[in-house]
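The following exercises are to be worked through with the structure in view. Each task is followed by a solution in steps.

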Amino acid sequence: MASVTIRNAVKSYGAMQVLHGVSLEAHDGEFVVLVGPSGCGKSTLLRMIAGLETITDGQIAIGERVVNELEPKERDIAMVFQSYALYPHMTVRDNMAFSLKLSRRSKAEIAVEVNRAAEILALAPLLERYPRQLSGGQRQRVAMGRAIVRNPAVFLFDEPLSNLDAKLRVQMRGEIKSLHARLNSTMIYVTHDQMEAMTMADRIVVMRSGKIEQIGTPLDIYDNPANSFVASFIGSPSMNLIEGTVEDRGAQVVLRDRAGVEWTLPARARAHIGRDVTLGVRPEHVAITEGASNARIDNIEPTGADTHVQVDVGSNIVTLVRHERLDLPVGAEISVRNDPDRSMLFCPSSGERLT
Amino acid sequence: MTTRSRSRLSLALDILNHGGLLIVALIFLFPFFWMVSNAVRSNAEVLAIPVRILPNAFEWDNFAKAWTQLPFGRFFLNSLFISTSVTIITVIVSCLSGYAFARLKFPGREALLMAYLGTLMVPAIMLIIPLFLIVNSLGMVNTFQGVILPVAFGTFGAFLMRQFFLSIPMELEEAARIDGASRLRILLSIIVPLSMPAIGLLSLFTFIGQWNNFLWPLIVMTGSENATLPVGLTYFQTQAGTQWNFIMAGAALSMLPGIVLAILLQKLIYSSIALNAGMGGR
């Protein structure tokens, strides 16, 4: 076990810089998830930790040891790839034993380690099979088994669940979490799926365009996003973002959007009266209320437990989530309002959080 | 169109297809048949007019006579040694250089590859005299190394292996690097086992190419004790006349190892292709 410390890591390919001075510390035993849209540099950062990419500038340390110049095998890490990267010509047992054979461990020792990992991952009946004879989920487990046998200081996961179907993904999510609880190793996990990030992470690192936008616990990031990008990226359905001007209505402060619809703001928004802002409201903080209609239902998506409703409010499409069945037709006129205490304001140009 | 008339049409097309393939197959097989047919008749009958498709009398002992009249066993072993050696060296050199061109990053790699490939454009026949001069100056005339070494370092194999290596997912190598494998270990334990289709193909081409190679062994091997099979067959052409039936019998015998190898390697090539189906990822 070891911490991973990244100090001002820069990665350039020729003249193109893809990581712009990233700093991050994954504590000993922590499960850190790097999340962000495609091309944000999260996989590159992970590969730099693994030693598969060189570090243009800055420093990466695993434990007390700076690993910039070390080969992957010298870093005491294991990595699980998106494509599993199992050796197709080797059985599950040989796949898992390969690294131990290379480190010249005795046959008895290898057998003990492989059997231990196989037991943890319920792979024992599959040890003599070839990767082509396994299902996607089983292959994924073998890839994890290959990582476990090495007993590394740090586990790295590069979008390991992307090739699995939805049900299996949820199952494997649970398995990786319980593996973490069992091994208590430092794990760094890359995904573009914010749901994976929310459900698995001790801390989430949200990245965009080669920079870290925010680091925090899943609920902290959900409740207090640092900017409108994080706010809209984390959470499904996404946060509603409505542009308008903050206006004073005596006892109330409101946001008047481009179509003239007024949204109640928290009292702390008073500091921004007269300013153009972006209002952020999570779908579960928009309610259907009694009163004069101000919205028309555009689309209804029943998910079973919840109902997602898209409503047309002036010029904005606003999504709201009801934890119940909704007996309304598309096109119905309804009244919606936001919960002012749970509403946030962002700067429309920089995206930064204002309140 | 009714189902019945459609199935009749597809049956007619099937017959047409198979008939066409059968004719092409017969055209290709005819020289082999002709070789064997001439191998089992007397030399007089080989030259007799009108030409007969099948011999009047089958002389099966022509094979044994051809084998014993000249030191065919020796020729056979010479050919086997030379072809096997060239094949082994070619596969090793092609794997190493193909891997370097596919995966190692070094300055001037592309230029070097182009220069390497450029040599494919020089006709082999043009190189015969310079190569002989080199072999001669090294004192290797009439030696096995003189026949083997100049032809064992071809560029085609390197190019073939490079192209195949490029198709192997990079992540397998990265996984092996993290597992602690060196470059050479990755090549031996991961890349080579996954490249068996290409290695099988290269081995087959190289072996058969060398097995049939006539000109280079003819030039380098001056003594009959070191002659290869194709060169040895020419010894049936003497001033007293040509023993066509023995040449044909010898040629038929000399084809056997190539056929056996092709059948063996074909299995290997197909099994490896099936194996690679499990390599999948994204």
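**Exercise 1: The interface between the chains**

Task: State how much area is buried between chain B and chain A, and which residues of chain B supply most to it.

Solution. Step 1. In this predicted model, chain B and chain A bury about 2,200 Å² between them, and carbon and sulfur atoms give 62% of that area.

Step 2. On the side of chain B, the residues B:Arg177, B:Ile178 and B:Asp179 supply 31% of the area buried against chain A, more than any other three residues.

Step 3. The contact can also be described by residues: 22 residues of chain B are in contact with 27 residues of chain A.

**Exercise 2: Two domains of chain A**

Task: Describe how domain 1 of chain A and domain 2 of chain A are placed and what area they bury between them.

Solution. Step 1. Begin with the bounds: domain 1 of chain A covers 4-226, and domain 2 covers 240-346.

Step 2. Taken over C-alpha atoms, the centres of these two domains are separated by 40 Å.

Step 3. Four residues of domain 1 of chain A are in contact with four residues of domain 2 of chain A. The area buried between the two domains is about 370 Å², with 49% of it on carbon and sulfur atoms.

Step 4. Within domain 1 of chain A, the residues that lose the most area to domain 2 of chain A are A:Tyr222, A:Asp223 and A:Pro225, together 93% of what that side buries.

**Exercise 3: A helix pair in chain A**

Task: Classify the packing of helix α4 and helix α5 of chain A by angle, and name the residues that make the contact.

Solution. Step 1. Helix α4 (residues 136-148) and helix α5 (residues 166-183) of chain A pack at an angle of about 15 degrees, and their axes are 11 Å apart.

Step 2. Angles under 35 degrees count as roughly parallel, so α4(A) is roughly parallel to α5(A). The crossing of α4(A) and α5(A) is right-handed.

Step 3. From α4(A), the contact involves A:Gly137, A:Gln140, A:Arg141, A:Met144 and A:Ile148. From α5(A), the participants are A:Leu168, A:Gln171, A:Met172, A:Glu175, A:Ile176, A:Leu179 and A:Leu183.

Step 4. By class, the residues of this contact of α4(A) with α5(A) are seven nonpolar, three polar and two charged.

**Exercise 4: A helix pair in chain B**

Task: Repeat the classification for helix α4 and helix α5 of chain B.

Solution. Step 1. The axes of helix α4 (residues 72-103) and helix α5 (residues 109-118) of chain B come within 9 Å and cross at roughly 140 degrees.

Step 2. α4(B) and α5(B) are therefore oblique to each other. The crossing in which α4(B) passes α5(B) is left-handed.

Step 3. In α4(B), B:Ser97, B:Ala100, B:Phe101, B:Ala102 and B:Arg103 meet B:Arg109, B:Leu112, B:Leu113 and B:Tyr116 of α5(B). The contact of α4(B) with α5(B) has six nonpolar, one polar and two charged residues.

**Exercise 5: Backbone features in loops**

Task: Locate the peptide bond from A:Ser236 to A:Pro237, the one that joins B:Ile49 and B:Pro50, and the residue A:Asp76.

Solution. Step 1. The bond from A:Ser236 to A:Pro237 is cis, with omega near 0 degrees. A:Pro237 lies in the loop between α8 (228-233) and β11 (240-249) of chain A.

Step 2. B:Ile49 and B:Pro50 are joined by a cis peptide bond, with omega about 0 degrees. The loop between α2 (43-47) and α3 (62-69) of chain B contains B:Pro50.

Step 3. A:Asp76, a residue other than glycine, has a positive phi, near 60 degrees. A:Asp76 is in the loop between β5 (65-66) and β6 (77-80) of chain A.

Terms used:
Residues numbered from 1 in each chain as written. Chains lettered and ligands numbered in written order. Predicted model: local features only at pLDDT ≥ 70, side-chain atom pairs only at ≥ 80, totals over all residues. Heavy atoms only, no water. Axes fitted to C-alpha atoms, helices over the stretch in contact; angles between N-to-C directions. Helix = DSSP H or I, 4+ residues; strand = E, 2+ residues; numbered from the N terminus. Parallel < 35°, antiparallel > 145°, perpendicular 65-115°, else oblique. Left-handed = near helix turned anticlockwise from the far one by under 90°. Contact = heavy atoms within 4.5 Å. Nonpolar A, V, L, I, M, F, W, Y, C, P; charged D, E, K, R; others polar. Domains from an automatic or database assignment. Buried area = accessible area lost by both parts, 1.4 Å probe.
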